[in-house]
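Colleague: I would like a close look at one part of this model. Please start there and then work outwards to the rest.

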Amino acid sequence: MDTKKIYPRYMMIIPVIVFVIFFVLPSTIGYAYAFTDWNSYVHDVSFVGLKNIIEVFSDRTVPIALVNTLIFAGAKTIIVTVLGFVFALILNRQLKTRNAIRTVYFIPAIFSALVVGLIFSALFQTRNGTINLLVQMFGAGKIQWLGSRWTAVFAISIAEIWRNLGYAIVITLAGLQSVSPEYIEAAKIDGASGWALFKNITLPLIMPTVNVNILFSLIYGLKMFDLVYVMTGGGPGHDTETFGTLMMNEMATGRYAQSVAINLVFTVILVIVAVAYQKFSERWENAE
Amino acid sequence: MKKRGKKIAALLISTALAAGMLSACSGGSGDAKKESKKTDGKSDGGVTLTLYGNADDAAKPYMKKIFQLYEEKTGNKIDVQGLDASNFESVCLTKFQTGDIPDILMHFGGYSLDAYNPAENFVDFTDAKWVDDIADTSKAQTMRDGVVYGLPFWESSVSGCFYNKKIFEEQGLKVPTTQAEFDEVCQKLLDAGIQPIYMAAADSWPLLYQFGMDPIFKDGDLLEKINSNQTTYSDIPEMTSLLEWYKTSAEKGYFGKDYSTDTWDYSSEVLGTGEAAMIFCWDTWFDTDYDSESYDYTSDDFGLMPIFMGTAEEGTYEGGNNSLLLVNKNGDKVDTATEFVNFCADPENYNEAFDGIATTPTFKGMTTNKLSSQYQGAEESIAKVGNPSIANPEIIGFSQNDGGKCIQELLVGNIDVKECLKLMDDERIKVATSQNVEGFK
């Protein structure tokens, strides 16, 4: 062990202070407001116990938001990870246009959610939308993509996947490039086939990278807000609400404490999912 | 020694970084203070007044004109800070909550002004000279609890049902005067392959259900009861009629096939090409927003008639909604801000600002404005069945957007009329309870 790289503990004092002041304290104080009647109309904030939390669980839009959030996160995680893996394998080959293709796939990742949302809103528009024009070319009728729950969830998921695929490709590609060619050479000498090479050498070695991809996709998928806000505003009705849009709605009516209460419940769900996945992936990696 | 030196250097760099970060945080406010002092002084070009308003509302030509006139005549400056139109209320309220209160606020008034605690925060203009000059139709909007808090200074439009006169003529249709006649007109248009009403339901606010509610709540007693939790929407039969009208109109095809994804952005196109024959809207829209140059039908091809939503047999119009100018009574520049409002209320100045602008007069002395052709064509009918804007500004907890979302749910079939009314009540009561309104506590 290189003991020169182990710094004394007091070197942690300033980072810890900064972390506590700028993250721990604001978060804790912020979440405490979930147990008060803080809103834009009251001047003296008072403690109301679990009233707001109970209200969150009795709100009919929360189960809708929960299901939508899980669908967005699940669809994004699975599709982005799988496609990211496939495209990374292709882009890891010695193609002449490799760098150009890599850039093209990464471009959507640099667009803001607003831009992506507006692009896909236009594509999925019922009137004059490109997707409907294509659908009509095949003789089908116009589809109101953003006018009902499941088609809207589908359209938003497509936009989110398009926006995030570039990241997944880059991360997986980095993992693939870190696999030592010597392992591959040795396996080939031992007579390993292409599938055996992939299954026994490449996949186990890049599993930590894939896990990072999955975890990022899962967490950012659960935090889905911006594209929903731009493309449907949570509608029609409350059909495409997520926790993010619910929080925004409460904020907009000046019910700040209720907004924080939704945030608190959501954070707990987020932490449970992240920790559960971490445990699961640890076991997975160890088994490999 | 070398190791110790490294440690000290690291510690110094960390401390310097932290100090730099903290000083960067505080530096802004210090500069702001300096800037504020600088602009406060009259030595270098007068006082700068900060104005918060909905970005769209504050950017109207007559607003720009009055700011320009004021700046030219006084040497003072108006620093207009336009807040995001769709989140204006929440952003502005948050600013107030954190003590960030401007010298002048532009606000639509009504019950939502209560969240700003007007008695504590805004100048009482009840005894101002200009109060008597305010048109009777705008006066109620300027007050809370009998106190005048703001000067109405914006366009005053009349909302109703706008119809394509040429299409009506071609189809041999007469302007309806009853709900039954209106339904008949819709059916005839539909049979002729023309979409009767353009309803941009995807945006929720263009459902404009408050138009149908004005006749219900014009009786002050019912308004008082709903605002003290003695009755609910579910208890009012006309509210059921209103929602049933939306549901049956959508099912019959009066809103077209794509209403659930139709947005307000397409209004000009759909009306201009004659795809739809009617729209619920306000008259100044045809002057300021409708794209006459790009389509077959120009704004003059549209007439105004009452809205029929199942709540008033002879239909209804909604009177003007005006934006108010309110002055922060606790600010350092309260006198200058009050002078600005008095400047805006001067007939010479408001007549110059509204010269050629299509609006009904907000002031009795307003003479340079013009009336829209639609308004002029329907003046008699407006006088007969028109109502002031009641639901939006007066019902505590009313939200055009939240209620619109409930109607969206009704239209997509997630809920029935009864459930929709309950949902609208729940949303309204949630806000009223937050406000600790008597009867909701």
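Take chain B. Among its contacts between residues at least 6 apart in sequence, what percentage join residues at least 24 apart?

Modeller: The figure for chain B is 76%, counted among contacts between residues at least 6 apart in sequence. Bear in mind that this is a predicted model.

Chain B has 441 residues, and 44% of them count as buried. Its secondary structure comprises 19 helices and 13 strands. The chain is divided into two domains, and each is assembled from two stretches of sequence. Domain 1 takes residues 44–156 and 321–371. Domain 2 takes residues 159–318 and 396–434. The C-alpha centres of domain 1 and domain 2 of chain B are 30 Å apart.

Now for some local detail in chain B. Start with helix α9, residues 210–217. This helix is mostly covered, and eight of its eight residues are buried. The buried set includes the aromatic pair B:Phe211 and B:Phe217. B:Gln210, B:Gly212, B:Met213, B:Asp214, B:Pro215 and B:Ile216 are buried too. As general background, an α-helix has 3.6 residues a turn, so residues three or four places apart point the same way.

The loop leading into α9 of chain B, from β8 (195–198), holds B:Ser204. Phi of B:Ser204 is positive, near 65°, and this residue is not a glycine. In general, most residues other than glycine have a negative phi. B:Ser204 has 22 C-beta neighbours inside 10 Å, so it counts as buried.

Further along comes B:Gly256, in the loop between α11 (237–252) and α12 (267–272) of chain B. Is B:Gly256 buried or exposed? B:Gly256 has 20 other C-beta atoms within 10 Å. The cut-off for burial is 20 or more, so B:Gly256 is buried. Set aside the neighbours within four places in sequence, and B:Gly256 is in contact with B:Gln195 and B:Ala276. B:Ser268 lies twelve residues from B:Gly256 along the chain, and the two C-alpha atoms are separated by 16 Å.

Next, the partner. Chain A has twelve helices and zero strands. From the N terminus on, its elements are α throughout. Its C-alpha atoms fill a box of roughly 75 × 70 × 30 Å along the principal axes. Of the 288 residues in chain A, 33% are buried. Among contacts in chain A with a separation of 6 or more, 70% are between residues 24 or more positions apart.

Two helix pairs of chain A are worth a look, and α7 belongs to both. The first pair is α3 (residues 61–91) and α7 (residues 149–177) of chain A. Their axes come within 6 Å and cross at roughly 40°. The two helices are therefore oblique to each other. The crossing of α3(A) past α7(A) is right-handed. Their contact divides into 17 nonpolar, six polar and two charged residues.

The second pair is α5(A) and α7(A), with axes 10 Å apart and an angle of about 135°. That value makes α5(A) oblique to α7(A). This crossing, too, is right-handed. From α5(A) come A:Val116, A:Gly117 and A:Phe120, and they meet A:Ala155, A:Ala159 and A:Arg163 of α7(A). The residues of that contact are four nonpolar, one polar and one charged.

The loops of chain A have their own local features. A:Asn128 sits between α5 (113–123) and α6 (130–137) of chain A. Its phi is positive, about 60°, although A:Asn128 is not a glycine. A:Asn128 has 10 C-beta neighbours inside 10 Å, so it counts as exposed. The peptide bond from A:Gly235 to A:Pro236 is cis, with omega near 0°. As a rule, most peptide bonds are trans. A:Pro236 lies in the loop between α10 (226–231) and α11 of chain A.

Last, where the chains meet. How many residues does each chain give to the contact? Chain A gives 22 residues and chain B gives 26. On the side of chain A, α1 (13–32) and α11 (243–252) are the elements that give two or more residues. That side of chain A has nine nonpolar, eleven polar and two charged residues.

How values were computed: Residues numbered from 1 in each chain as written. Chains lettered and ligands numbered in written order. Predicted model: local features only at pLDDT ≥ 70, side-chain atom pairs only at ≥ 80, totals over all residues. Contact = placed C-beta atoms within 7 Å. Helix = DSSP H or I, 4+ residues; strand = E, 2+ residues; numbered from the N terminus. Nonpolar A, V, L, I, M, F, W, Y, C, P; charged D, E, K, R; others polar. Domains from an automatic or database assignment. Axes fitted to C-alpha atoms, helices over the stretch in contact; angles between N-to-C directions. Parallel < 35°, antiparallel > 145°, perpendicular 65-115°, else oblique. Left-handed = near helix turned anticlockwise from the far one by under 90°. Buried ≥ 20, exposed ≤ 12 C-beta atoms within 10 Å, placed from the backbone.
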